[in-house]
Amino acid sequence: MILRFCTRTVVKMGMVKPCALVSSCHLMKPVSRTWVNGRCLTYQQALPTQPVPTLQHTCERYLILLEPFVEVNELKRTKQLVQEFLKPGGVGEKLQKGLEKKALNTDNWLADYMVQTDYLDNRLPVVAYSNISGSFPRMDFRDKQGQIRCAAKVIRAILDFKTMIDNETIPVDYLRGKPLCMNQYSQLLSSCRIPGLEMDSVVFHGKTSYPSRYITLAYNSQFFMVDVYNSDGTPLTVHQLCVQLERICSSSLETSTEPVGILTSLNRDSWSKCYDRLIQDKPNKEALSAIQRSICVVCLDKAMPQVPDDMYSRGNVLQMMHGGGSQWNSANRWFDKSVQFIIGEDGAFGNNVSHSCADGTIGMTLTDYVSASIKKLEIIESPTVPLPTPQKLHFNITADIKKAIEEAKQSIDKIVQDLDFSILSFSHYGKNFLKANKMSPDPFIQMAIQLAYYRVHRQHCASYEAASMRLFRQGRVGEIPSTSSASVAFVMAFNDPNKKNTEKVDLLRKAIEVHKWNTSMEISGQTVFGHFLGLQHQATEKNIPMPDIFTDASFDRVFDYRLATSQVQSKSGCLPCACPYQRKTYDICYTLLKDDMAFVMSAFKTNTENNSEELKKAVEDALLDMRTIL
């Protein structure tokens with residue numbers, strides 16, 4: 001098994017003092033954000049580079065991670081494979097030296113391999129399998145005019161955020177007094193994923209000599225270039241932006257245009273073949289380049305079918321993730337774009353972010369800023385200044401592209417039918433209650449999830465919590481192993497009616513301490529998963545047969561995840577969402593607040609073993625039951 005990074009956001013050094021969790025997306029505990037004078041990239045070169053753990057330490061931890069999943073005989077066999085891998089002068093030492101050499105010649109060897117493996121090499125559609133999204137409570141409008149006003153405020157807020165990025169005055173993120181890598185902010189806007197056969201690429205236009213001065217507006221499954229700066233370089237006012245958006249909405253009533261955007265929902269090889277055919281035509285190539293270079297995409301969606309108020313959150317989560325299908329808004333997207341903000345005529349609001357361009361915490365910072373700004377921005381009528389007419393992007397569609405569009409419609413509709421979300425709003429207690437009982441909140445939630453999974457499936461599974469690597473230069477994502485011998489002992493004891501509460505609490509505290517230790521190892525660079533990923537890539541690059549340690553059945557038991565989790569903090573009430581990276585996996589995003597918490601569970605219906613609604617109920621029951629022993 002070649003390891004895949006299956007994270008949704010942002011937490012990983014030699015043996016150093018344990019650190020607290022960093023916010024992660026799909027995400028974790030919030031970092032502090034501090035306004036500073038000067039440039040936010042001042043500390044970049046002073047940040048440490050991603051270290052390479054020692055081979056001995058990683059292999060020792062690997063054997064510990066195996067203990068909950070294998071019998072004694074299988075563990076004995078795996079220990080023999082590990083000993084062979086560790087032999088002086090053997091293949092392990094050779095791969096380790098290659099990785100150490102790479103670490104000397106790159107800012108972050110782990111980020112390089114992670115982005116390639118998890119995103120660019122991945123041939124699955126970016127819809128559901130890769131992109132992440134955020135969903136807001138319904139806005140207070142239900143008509144086209146309200147939609148336009150909201151979109152204008154969103155665009156202006158994005159431009160103000162972009163100014164901070166360009167001037168390098170965005171608030172610096174800190175973790176326990178240590179500055180974090182801020183490089184991803186420069187990659188958040190004016191960026192796009194480009195399809196390729198076998199491997200995609202990502203283009204970043206934010207720091208080019210001629211930065212973008214326009215956004216792409218999606219409306220009626222058509223795309224428009226909208227200049228968002230005056231001739232003197234100042235951003236358009238909210239009122240000016242309203243004028244521009246009204247121009248588009250009043251002139252683009254036709255819906256007969258082929259919905260080219262839906263091609264971005266195809267699997268990557270199919271989309272790549274279409275893309276190569278499209279760029280053979282000059283107008284098509286220019287239109288594609290315009291979207292890629294634009295600051296972001298803003299989608300004006302048509303209203304979705306009405307649902308009861310208690311069903312709105314789930315419906316909006318799905319709309320932000322995939323658009324609702326070919327008959328609704330899935331073609332009103334460019335899923336390769338780094339950032340898409342989505343405003344529905346019925347008050348729907350949220351976004352969709354390409355994980356290949358930036359991690360979830362970075363996108364959430366922008367999301368929180370936009371949410372706070374649109375509440376303050378006013379529409380003040382400004383003096384009439386001639387504004388350039390928004391330009392509609394035209395595509396010449398051949399018969400084979402038209403056929404591909406029909407295939408894309410069928411493909412996205414299958415994803416829409418297959419994807420299942422359940423949302424748990426848990427108001428019985430939050431982190432204040434847990435702290436009062438001397439429980440570390442995030443590890444406590446992780447143990448509740450472990451308990452819930454066991455109750456549904458009557459077995460333990462390989463699982464991880466997403467973590468941020470931004471303590472290191474160019475850091476991206478890490479994975480904290482959540483299942484341990486201690487977590488298994490707690491789960492089994494908790495379900496045993498003969499065990500006393502005091503014993504259950506003792507085992508819970510031990511499991512929490514193990515999870516905290518695993519977290520500190522990961523965020524300090526002692527990453528088992530990441531280290532093995534790097535060694536596998538070294539074997540591939542050097543044409544060395546994959547070592548037996550990586551092809552052994554035990555390896556999958558630890559790293560073939562069935563449960564992917566991430567804590568995502570939002571200051572704006574945004575509900576973060578992600579999807580399973582493979583059909584047999586659950587994904588859980590959760591937000592932990594002072595007195596409540598929220599969970600978004602997702603699964604694929606075609607995997608009949610998984611059921612997001614059952615898991616939701618089990619998590620709620622686990623949280624309530626665990627409270628009784630405190």
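**Inside a predicted model**

Colleague: Is His 355 buried or exposed, and what is its relative accessible area?

Modeller: A residue is called buried when its relative accessible area is under 20%, exposed when it is over 50%, and partly exposed in between, using a 1.4 Å probe and protein chains only. His 355 falls under the lowest of these cut-offs and is therefore buried, with a relative accessible area of 0%.

Colleague: What kind of model is this, and what pLDDT do side-chain atom pairs need in order to count?

Modeller: Residues are numbered from 1 along each chain as its sequence is written, and side-chain values use heavy atoms, with hydrogens and water left out. This is a predicted model, in which totals for chains, interfaces and linings use all residues, whereas local features need a pLDDT of at least 70 and side-chain atom pairs count only at pLDDT 80 or more.

Colleague: Which feature does UniProt place at His 355, and where does this residue lie?

Modeller: Helices (H or I, at least four residues) and strands (E, at least two) are DSSP runs, numbered from the N terminus, and His 355 lies in the loop between β11 (349-353) and α11 (360-374). UniProt positions are given here in the numbering of this model, with shortened feature names, and an annotation may be inferred rather than shown by experiment. With that caution, the unreviewed UniProt entry places at His 355 the feature "active site".

Colleague: Which side chain makes a polar contact with the side chain of His 355, and which side chain reaches its backbone oxygen?

Modeller: A polar contact is a pair of N or O atoms within 3.5 Å; within protein, one atom must be able to donate a hydrogen and the other to accept it, and residues adjacent in sequence count only if both atoms are side-chain atoms. The side chain of His 355 makes such a contact, at 3.2 Å, with the side chain of Tyr 119. Its backbone oxygen is reached at 2.7 Å from a buried residue with a relative accessible area of 6%, which sits in the loop between β14 and β15, namely Arg 476.

Colleague: Where is Glu 479, and with which residue does its side chain make a polar contact?

Modeller: Glu 479 is in strand β15 (residues 477-481), and at 2% relative accessibility it counts as buried. Its side chain makes a polar contact, at 3.0 Å, with the side chain of Tyr 561.

Colleague: Why do the buried residues of helix α8 lie on the same side?

Modeller: The buried residues of α8 (residues 268-278) are Arg 268, Trp 271, Ser 272, Cys 274, Tyr 275 and Leu 278. The arc is that of the directions from the helix axis to the C-beta atoms, and these residues are on the same side of α8 because they cover an arc of only 165 degrees. In general, an α-helix has 3.6 residues a turn, so residues three or four places apart point the same way. For this helix, then, the value that places them together is an arc of 165 degrees.

Colleague: What covers that buried side of α8, and which residue caps the N-terminal end of the helix?

Modeller: The cover of the buried residues of α8 includes α5 (126-129), β5 (191-194), α9 (282-293) and α12 (399-418). At the N-terminal end, a side-chain oxygen lies 3.2 Å from the backbone nitrogen of Asp 269, and the capping residue that provides this oxygen is Asn 267.

Colleague: Which residues does Thr 257 touch, not counting residues up to four places away in sequence?

Modeller: Thr 257 is in the loop between α7 (238-251) and α8, and at 31% relative accessibility it counts as partly exposed. Contact means heavy atoms within 4.5 Å, and on that basis Thr 257 touches Gln 222 and Lys 392.

Colleague: What is the phi of Arg 458, and is the residue buried or exposed?

Modeller: Arg 458 is found in the loop between α14 (441-457) and β14 (463-468), and its phi is near 55 degrees, a positive value in a residue other than glycine. With a relative accessible area of 54%, Arg 458 is exposed.

Colleague: What is the radius of gyration of the protein?

Modeller: The protein has 20 helices and 19 strands, and buried residues make up 62% of its 630 residues. The radius of gyration is taken over C-alpha atoms, and the globule rule is 2.2 Å times the number of residues to the power 0.38. For 630 residues a compact globule would have a radius near 25 Å, which agrees with the value for the protein, 24 Å.
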